[in-house]
Amino acid sequence: MRSRGDDVVDLLVIGGGTAGMVGARTAAGLGARVLLVERDRTGGDCLWTGCVPSKALLAAADAAASARAAGRFGVDVGGITIDFGRVRKHLQAAIETIRPVDSVEALQAAGVAVEVADAVLTGSDSATVGGRTVRFRHALLATGAAPVLPPIDGLADADPLTSETVWDDLTELPARLAVLGGGPIGCELGQAFARLGSAVTVVDAADRLLPGETEEASGLVTAALRRDGVTVRTGAGVTAVRDGALQLADGAAVPFDRLLVAVGRRARTERLGCAAAGVEVADDGTVVVDGGLRTTNPRIWAAGDLTGHPQFTHTAGVHGSLAAGNALLGLRRTVDPVVPRVTYTSPEVASVGVPPGQGHSVRRVGHGHVDRAVAEGVTEGSTTLVLDRRRRIVGAAVVGPRAGEVLGELTLAVRKRMTTTDVAGTTHAYPTYSSAAWDAAVDDVRSRLAGPVVRRVLRAVVRLRAQRSAR
């Protein structure tokens, strides 16, 4: 028998990561009765095992690298030592500083009811929460994703670390660290541990690191990792893990003291009860959603890493809010296809929209022409604008210091279909790394003004005005 109306929540949120928390807060702000269920701890991967600890680690590694390189500025620093215990305390301090914002208490203060329990869908409008039945008018699935271990012989027996476990399980800096995976996570953590003093080898079967980025970006990051002491082995897959070493397809072996696996993530949907609720799940484990993040059950939405959308914290937050609003207000908003991404290596790699080399024209400014980069002695890298026929910015790629910060303006430009004239006509502060985007836009405008037809017209206007002023 159906429960009374006052026993039904307006929105059941399963998962207390970024997507779930933002969705729950959005719904509560609309006056809805919201129940968020999280089986472990609110804050999700970003707070506990992702963005926060990894960027805190990168900050420590950057400090070590900067100290070693200070001599190029005439600043000699000697006796650099790494206390990994104190580095770990720095990571934990960063987590503890941010944790209250994502806490159960903060959610409750925002009007969200929170339960720490397992939640399983049992029907089109019901779920079990900690063993009791909860009915909902709408639900938001936000259980995220988890690192995967590929089916490599001997891998599971090697006590491998992942992006989830490395923060708690790695209590000492390993003398030799093998990193399986040359994507963003593998490159970021591999470079960081090398800068802190580990002998790091990054292994990937792909032909190059960061295969989803431009060849220039991949090449610059690879060179930077090697300068930091990382051995890069690409183009050779791992066939087995045996005797404390990765066995490669080309016959080589990579010995290690600890192994970090960073080859991808899989949506956490296996124990969610999707089949019982009529929620379709794709072969890769992701929940099938439409453009508005609605699943095949019209009462249920999904947001965050368990969908097929890019697995970024910023995407999860925006999508969580969008899904909650659509569910409760009956809106039909769709996800924004313009999604920026940043890999926080040194140099940083940032991109958005259409990549260079897909039939569009490009305007590229090498950072050797950026005065801020020259002043800081970091001129490797570039800023590239991808333009359509109407000179609208449809994509951008930035490689260099603060690339992620520069990308904000360019993401807005892509989303608002701005032209190079729009950017060129906006005064930018000098000297900054963002002036490279300005310079690229100015170069494009000047090239059009230098065309034969436009040049003749402009000269005619100048002559006409000169004749009038002479009268």
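1. Contact here means heavy atoms within 4.5 Å. With that cut-off in mind, and bearing in mind that this is a predicted model, the contacts in the protein chain between residues at least 6 apart in sequence can be divided by separation, and 63% of them join residues at least 24 apart.

2. As to the overall frame, the secondary structure of the protein chain comes to 15 helices and 21 strands, and its C-alpha atoms fill a box of roughly 95 × 60 × 40 Å when taken along the principal axes. Of the 471 residues in the protein chain, 47% are buried.

3. Strand β21, which spans residues 393-400, deserves a point of its own, since eight of its eight residues are buried and the strand is mostly covered. Strand β18 (residues 348-353) runs antiparallel to β21 and is joined to it by six bridges; within this pairing, Val349 has Val399 of β21 as its bridge partner.

4. Strand β20 (residues 382-387) also pairs with β21 in the antiparallel sense, over six bridges, and here Val386 stands opposite Gly395 in β21. The hairpin of β20 and β21 has five residues between the strands, and a colleague inspecting the backbone may wish to look at Arg391 in that hairpin, which takes a positive phi near 65 degrees.

5. Helix α14 covers residues 435-449, and its 15 residues reach 21 Å from the first C-alpha to the last, close to the 21 Å expected at 1.5 Å a residue. The buried residues in α14 are Ser435, Ala436, Ala437, Ala440, Ala441, Val442, Asp444 and Val445. What covers these buried residues of α14 includes the strands β19 (361-366) and β20, together with the helices α12 (403-415) and α13 (420-424); strand β20 is thus both a partner of β21 and part of the cover of α14.

6. The second largest pocket has a volume of about 970 Å³. It is lined by 31 residues, of which Asp62, Ser66, Arg195, Ser346 and Val378 are the closest to its centre.

7. Which helix gives the largest share of the lining of the second largest pocket? That share, nine residues, comes from α3, while α3 (51-69), α7 (184-196) and α8 (215-227) each supply at least two residues of the lining. By residue class, the lining of this second largest pocket divides into 13 nonpolar, seven polar and 11 charged residues.

Conventions. Residues numbered from 1 in each chain as written. Predicted model: local features only at pLDDT ≥ 70, side-chain atom pairs only at ≥ 80, totals over all residues. Heavy atoms only, no water. Buried < 20%, exposed > 50% of the residue type's maximum accessible area, 1.4 Å probe, protein only. Helix = DSSP H or I, 4+ residues; strand = E, 2+ residues; numbered from the N terminus. Pairing = 2+ DSSP bridges. Expected span 1.5 Å × (residues − 1). 1 Å grid on protein atoms, 1.4 Å probe; cavity = no way out; pocket = protein on both sides within 12 Å on 5 of 7 lines; lining within 4 Å. Points joined across faces, edges and corners; volume = space filled by probe spheres on them. Nonpolar A, V, L, I, M, F, W, Y, C, P; charged D, E, K, R; others polar.
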